[in-house]
Amino acid sequence: MNANIFITGTDTSVGKTLVSATLCLKLGWKYWKPLQCGFSEEASGATDSDWVRNYIDPGKVYPEAYRFCSALSPHAAAAIEDRTIHLELLLKKGQQMNHTIIEGAGGLLVPLNQELLLIDLIQKLKCQTLLVVRSGLGTINHTLLSIEALRSRHIEPLGIIMVGDPNPANRQAIQYYGNVKVLGEIPMLQNINRPALCEAGKLINLKENFNEYCEHAQGHCR
């Protein structure tokens, strides 16, 4: 099994791209977002890949397998353009990668096509999975549901990363009821730059569960 980490979340806009860029810098790894839903050719930094490219070596950002204009669930965005997302293509590309942060689209149960959900892709890629969650109100329910969905497919999450203002009560509840470790809490950064992402990376501890990869990481945060 290649050393990749799949970044998924409890929902859209929970901080998956922020965490992905932070981990790319921390570990010196590459970045791939297989599915991009919503972009404008005219806008600067139009996609999540474009955004990450601003902060890591541009040569370490893989192109998306699918790009759709509409900011919708992947299956709906594809349908508008009369296209179909093929799992085989995603697996072929993903299985060729190593030391790569792979960012999902939306949450675990977003549909890819008429038969498959995002969680099916995670299951078949067979890489470590990190769950990104909000720190505030509502996160306990959403996080525990997502953990249950992962475990129903025999996917044991590597851990949780919380994004937002620190919330010790929610962190404790997630760890206790979810029987999972929170590996870090990072703020939703207001002024984002490479030094700020590096500082955020210091708040994420992968060593306990991912030690064999951290030991060989070639991160760029100094």
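**Salt bridges and overall fold of the predicted model**

Lys33, Asp48 and Glu103 are joined to one another in a network of salt bridges. The coordinates come from a predicted model, and across the structure 10 salt bridges are found. Three further pairs can be followed residue by residue.

The pair of glutamate 81 and arginine 83 forms a salt bridge in which the closest N and O atoms lie 3.2 Å apart. Glutamate 81 has a relative accessible area of 28% and is therefore classed as partly exposed. Arginine 83 falls into the class of partly exposed residues as well, because its relative accessible area is 34%.

A second salt bridge brings together the side chains of arginine 151 and glutamate 156, with an N to O distance of 2.8 Å. Here glutamate 156 has 48% relative accessibility, so it counts as partly exposed. For arginine 151 the figure is 28%, which means that this residue, too, is partly exposed.

In the third pair, arginine 171 meets glutamate 185 in a salt bridge, and 2.7 Å separates the closest N and O atoms. This pair connects distant parts of the chain: arginine 171 belongs to helix 7 (residues 168-178) and glutamate 185 to strand 8 (residues 182-186), with their positions 14 residues apart in the numbering. Arginine 171 counts as partly exposed, because its relative accessibility is 26%.

Helix 7 and strand 8 also frame a loop, and asparagine 179 is found in it. The phi angle of asparagine 179 is near 50°, a positive value in a residue that is not glycine. Such a value deserves a remark, because most residues other than glycine have a negative phi. Asparagine 179 has 63% relative accessibility, and since the cut-off for exposed is over 50%, this loop residue counts as exposed. Lysine 126 offers a second case, with a positive phi near 60°. Lysine 126 sits in the loop that runs between helix 5 (118-125) and strand 6 (128-134). With a relative accessibility of 59%, lysine 126 is likewise classed as exposed.

Towards the start of the chain, asparagine 2 is placed in the segment before strand 1 (4-9). Its relative accessibility is 30%, so asparagine 2 is counted as partly exposed. Apart from neighbours within four places in sequence, asparagine 2 is in contact with Gln95, Gln96, Met97 and Asn98. For methionine 97, the separation from asparagine 2 is 95 residues in sequence, while their C-alpha atoms are 7.2 Å apart in space.

Turning to the whole chain, the secondary structure amounts to 9 helices and 8 strands. Among contacts with a separation of 6 or more, 73% are between residues 24 or more positions apart. The radius of gyration is 16 Å, which agrees with the value near 17 Å for a compact globule of 222 residues. Along the principal axes, the C-alpha atoms fill a box of roughly 45 × 35 × 35 Å.

Of the 222 residues, 53% count as buried. The protein chain exposes about 10800 Å², and 49% of this area is supplied by carbon and sulfur atoms. As for charge, the chain carries 21 positive and 21 negative charges, and the mean positions of these two sets are 6 Å apart.

Definitions and conventions:
Residues numbered from 1 in each chain as written. Predicted model: local features only at pLDDT ≥ 70, side-chain atom pairs only at ≥ 80, totals over all residues. Heavy atoms only, no water. Helix = DSSP H or I, 4+ residues; strand = E, 2+ residues; numbered from the N terminus. Rg over C-alpha atoms; globule rule 2.2 N^0.38 Å. Buried < 20%, exposed > 50% of the residue type's maximum accessible area, 1.4 Å probe, protein only. Contact = heavy atoms within 4.5 Å. Areas by Shrake-Rupley, 256 points an atom, 1.4 Å probe, with all protein chains shown as cover. Lys, Arg positive; Asp, Glu negative; His and termini not counted. Charge placed at Lys NZ, Arg CZ, Asp CG, Glu CD. Salt bridge = Lys/Arg side-chain N within 4 Å of Asp/Glu carboxyl O.
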